[in-house]
Amino acid sequence: MGIIPPVALVAALALKSLYFLDYVHVICGGTWTGFDLYMGLVMTRILRFLDVPARVEVSKRLTPTTFFIIPSLAAVAITSGIYLAQQLGKFNLSDPWILAAGVVVIVLTAQGFGVFLPNGLRIFLELAKARPDGALIAKLTMRNIHLAASQAVFQVVIILIMAHLAIY
Amino acid sequence: MNTSALLAVFLFAGALLIVFGWVYRGATKSMAKGELSNEGIRILRWGLLGHVAIFVVLAITAFLT
């Protein structure tokens, strides 16, 4: 499933369709934000009241589902956004709104590569062990869920910036 | 060809490889201690392959703009 967003981006660029490119950017960015909001606002409340074995069971199913799709959506939302800004003549690095978007994107990317990805891999490896450490899996899963909540805040900010760029 | 887009993809792919390399090193240590079976390494390789596939498709976009 994670391969669909970049393939859609390739199709949009190959067809030279600004409308399709805009669609790919909005659907990927919106879905990525939706995932993070759901994880941060809903899953945190659910997991907080579960015991460690139950959290491990959730993690076993949640981690493989989100491992490819979220980085794929994030990468395509950012890449298509840059192409879109270039095609609309808005990719001006002296524009404070573009710079602000760049700063938020750097923060989101650093969190993705620095925390989400290694944590996801460590959860996979722990689950593959003969005697998985349930407490460690639960801790890493909760860390990812809490980080998703902080990503959601940054994404609300970037949507504010995008709304400004779309109008002005 | 969009050179800056291609460079960005290589930069992100490099970061990805560093993260995978770091986790892979930990996994091989766990394997040496007998805590982890070949299954863990196999999962890591599939994970890496999946992410590399996403970056390869993204790199193609640099040639379309």
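These exercises, each with a worked solution, concern the nonpolar cores, one helix and the chain contact of a predicted model.

**Exercise 1.** Find which residues touch the most other members of the largest nonpolar core, and which helices supply this core.

*Solution.* Begin with the core itself, which holds 25 residues, and in which Leu73(A), Ala74(A), Val76(A) and Ala77(A) touch the most other members. Next, turn to the helices: H1 (4-14), H2 (18-48) and H3 (52-87) of chain A, together with H1 (3-32) and H2 (38-61) of chain B, each supply at least two residues of this core. The largest share, 9 residues, comes from H3(A). Finally, note that another core, of 17 residues, lies apart from this one, and that Leu121(A), Ile123(A), Ile137(A) and Phe20(B) are among its members.

**Exercise 2.** Compare the span of H2(B) with the expected one, and then find what its buried residues pack against.

*Solution.* An expected span is 1.5 Å times one less than the number of residues. For the 24 residues of H2(B) this gives 34 Å, and the helix reaches 35 Å from its first C-alpha to its last, which is close to that value. The buried residues of H2(B) include Leu44(B), His51(B), Phe55(B) and Leu58(B), and the buried residues of this helix pack against H1, H3 and H4 (96-128) of chain A together with H1 of chain B.

**Exercise 3.** Describe the side of chain B that touches chain A by helix and by residue class.

*Solution.* The contact takes 23 residues from chain B and 25 residues from chain A. On the side of chain B, the largest share, 13 residues, comes from H2(B). Sorted by class, this side has 14 nonpolar, 7 polar and 2 charged residues.

Notes:
Residues numbered from 1 in each chain as written. Chains lettered and ligands numbered in written order. Predicted model: local features only at pLDDT ≥ 70, side-chain atom pairs only at ≥ 80, totals over all residues. Core = buried A, V, L, I, M, F, W, Y, C linked by C-beta atoms within 7 Å. Buried ≥ 20, exposed ≤ 12 C-beta atoms within 10 Å, placed from the backbone. Helix = DSSP H or I, 4+ residues; strand = E, 2+ residues; numbered from the N terminus. Contact = placed C-beta atoms within 7 Å. Nonpolar A, V, L, I, M, F, W, Y, C, P; charged D, E, K, R; others polar.
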